[in-house]
Amino acid sequence: MHPTPNFPPEALAPLLEKYRQFIREEIFPIDLNVVQGPFKCYLPRLHELRTKAKQLGLFAPHLPKADGGVGLNLVQFAQVSEILGQSPIGHYVFNCAAPDIGNMELLHLFGTDDQKSTWLKPLQQGEIRSCFAMTEPASAGSNPVHLATTAVREGDEYVINGHKWFTTAADGAKFTIVMAVTNPEAESPYQRASMILVPLDNPGYRLMRNIPIMGEAGEDYLSHGEVKFENCRVPVSNLIGKEGQGFALAQERLGPGRIHHCMRWIGICERVFDLMCRRAISRQLEPGKPLAEKQTIQNWIAESRAEIKASRLMVMDTAQKMQELGAKAVREDISTIKFFVADVLMKVIDRAIQVHGALGITDDTLLSFWYRHERGARIYDGPDEVHKSALARSILKSFTEK
């Protein structure tokens with residue numbers, strides 16, 4: 001999806017400043033109210049902001065200019081992603097939020113002409129939203145080869161049956177891409193599943209609920225759906241790529257996706273860091289004695305700054321290598337940034353909550369929202385433990401081969 005660089009590097013710095021200004025002036029003033037909800041009440045305002053982003057030439061930074069985007073490569077977009085990550089609605093406003101951005105990449109690379117005209121084009125233009133149905137409540141997400149959802153071919157149709165959850169943003173989406181077993185007899189478990197596009201007005205599809213995340217179910221884009229496919233029939237032409245390619249396509253989707261996530265997390269860290277420092281300066285323990293004078297607070301601030309900077313350098317290095325060599329060549333780096341940055345994210349949020357005291361656990365700041373919703377960063381797209389184990393095995397393999 002990220003094109004060969006056609007956006008002039010010398011124009012990047014002023015472009016980044018335009019994103020910073022937009023986020024600061026248009027999004028920061030409303031984002032706390034939007035996440036407090038109801039989200040749907042703010043959709044008209046968010047659509048106005050999307051229109052303004054288009055008028056300013058800032059919409060869909062990851063897409064080629066021919067598709068209505070800005071035309072940034074992966075490294076350039078990573079820098080934008082950090083800026084947008086400073087708000088929970090930043091990526092949504094600019095139409096580069098998960099799961100839509102991953103689905104755009106999938107359809108761009110592997111979709112048929114009909115799939116592109118019917119689904120990809122309106123998705124790119126921000127006219128519709130989508131979701132991605134892979135995780136199952138009955139199967140360990142950390143080892144997704146054991147999917148229970150099936151898609152059985154009957155004539156020119158697939159009949160899909162299965163139970164999924166954490167189908168992010170299913171509420172209000174127009175279509176999903178579902179991972180289902182089509183080739184159960186395939187020798188390799190990694191060649192048994194396929195990706196199939198399902199319009200969500202299908203009578204065989206049901207959104208059961210928006211799953212409460214530490215007490216908050218949310219709605220629309222800010223939600224995670226539990227869904228069922230019950231004798232859900234779709235044309236065979238809705239297959240993405242080829243049968244049995246599901247896991248291979250998932251890796252294509254996840255490589256750049258982890259760069260997107262990590263840079264978004266770094267953006268969150270920067271906003272949280274700013275809140276923490278402002279609180280430390282302004283909170284008086286007694287007249288003339290701000291919280292910032294306490295050595296523990298100073299240690300947290302210093303450690304947070306070092307960890308955020310280290311995270312950024314690590315992710316940008318991985319993005320550069322991925323852009324030049326492809327995702328497969330940087331598998332170790334991808335695992336490293338995934339667990340490292342997720343850990344830094346939770347540390348920085350936790351320190352900021354502590355500095356805010358009782359205020360930190362209320363919904364009067366964004367801290368509690370991020371604490372609830374970003375705790376999943378250490379679980380989704382592969383739990384920390386899986387990435388650490390994979391990285392260690394890869395490192396140790398090089399020693400046993402010597």
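This report walks through a predicted model of one protein chain, from its overall build to single residues.

## The whole chain

The chain has 402 residues, and 52% of these are buried. Its secondary structure comprises eleven helices and eleven strands. The radius of gyration is 22 Å, and the globule rule gives 21 Å for 402 residues. The two values are close, so the chain is as compact as a globular protein of that length. Along the principal axes, the C-alpha trace spans about 80 × 60 × 45 Å.

How much of the contact network links distant parts of the sequence? Take the contacts in the chain with a separation of 6 or more. Residues 24 or more positions apart account for 74% of them.

The surface comes next. About 18,200 Å² is exposed by the chain. Carbon and sulfur atoms supply 53% of that area. As for charge, the chain carries 46 positive and 47 negative side chains. The centres of these two sets lie 3 Å apart.

## Two helices and what follows them

Helix α8 covers residues 295–325, which makes 31 residues. At 1.5 Å a residue it should span 45 Å. Its end C-alpha atoms are 45 Å apart, so the model agrees with the expected value. Several residues of α8 are buried, including Ile297, Ser304, Ile308, Val315 and Met322. Glu307 in α8 is buried too. What covers the buried residues of α8? The cover includes α3, α7 (246–282) and α9. Just after α8 comes Gly326, with a positive phi of about 95 degrees.

Helix α9 takes in residues 331–356, with 26 residues. From first C-alpha to last, α9 reaches 38 Å, close to the 38 Å expected. Gly357 sits just after α9 and has a positive phi of about 65 degrees.

Within α9, look at Ser335. Is Ser335 buried or exposed? Its relative accessibility is 10%, so Ser335 counts as buried. Beyond its neighbours within four places in sequence, Ser335 is in contact with His387, Ala390 and Leu391.

## Two buried residues and their contacts

Gly85 is found in the loop between α3 (74–84) and α4. At 2% relative accessibility, Gly85 is buried. Which residues does Gly85 touch, apart from its neighbours within four places in sequence? They are His91, Arg264, Gly267, Ile268 and Trp370. Ile177 is another matter: it lies 92 residues from Gly85 along the chain, and their C-alpha atoms are separated by 25 Å.

Cys131 belongs to strand β1 (residues 130–133). Its relative accessibility is 0%, so Cys131 counts as buried. Leaving aside neighbours within four places in sequence, Cys131 is in contact with a list of residues, among them Pro99, Asn103, Phe175, Ile177 and Leu200. The list also includes Thr167, Thr168, Ala169 and Ala170. Glu216 is 85 residues from Cys131 along the chain, and their C-alpha atoms are 19 Å apart.

## Backbone details in the loops

Some loop residues have backbone angles worth a look. The table gathers them.

| Residue or bond | Feature | Value |
|---|---|---|
| Gly37 to Pro38 | cis peptide bond | omega about 0 degrees |
| Ala98 to Pro99 | cis peptide bond | omega near 5 degrees |
| Asp220 | positive phi | about 55 degrees |
| Asp381 | positive phi | about 55 degrees |

Where do the two prolines sit? Pro38 is in the loop between α1 (12–36) and α2 (43–55). Pro99 lies in the loop between α4 (90–93) and α5 (100–110). Pro99 has also appeared above, in the contact list of Cys131.

Now the two aspartates. Asp220 has its positive phi although it is not a glycine, and Asp381 is likewise not a glycine. Asp220 lies in the loop between β7 (218–219) and β8 (222–235). Asp381 is in the loop between α10 (367–374) and α11 (384–400).

How exposed is each one? Asp220 has a relative accessible area of 7% and is buried. The figure for Asp381 is 21%. Buried means under 20%, so Asp381 counts as partly exposed.

Notes
Residues numbered from 1 in each chain as written. Predicted model: local features only at pLDDT ≥ 70, side-chain atom pairs only at ≥ 80, totals over all residues. Heavy atoms only, no water. Helix = DSSP H or I, 4+ residues; strand = E, 2+ residues; numbered from the N terminus. Rg over C-alpha atoms; globule rule 2.2 N^0.38 Å. Buried < 20%, exposed > 50% of the residue type's maximum accessible area, 1.4 Å probe, protein only. Contact = heavy atoms within 4.5 Å. Areas by Shrake-Rupley, 256 points an atom, 1.4 Å probe, with all protein chains shown as cover. Lys, Arg positive; Asp, Glu negative; His and termini not counted. Charge placed at Lys NZ, Arg CZ, Asp CG, Glu CD. Expected span 1.5 Å × (residues − 1).
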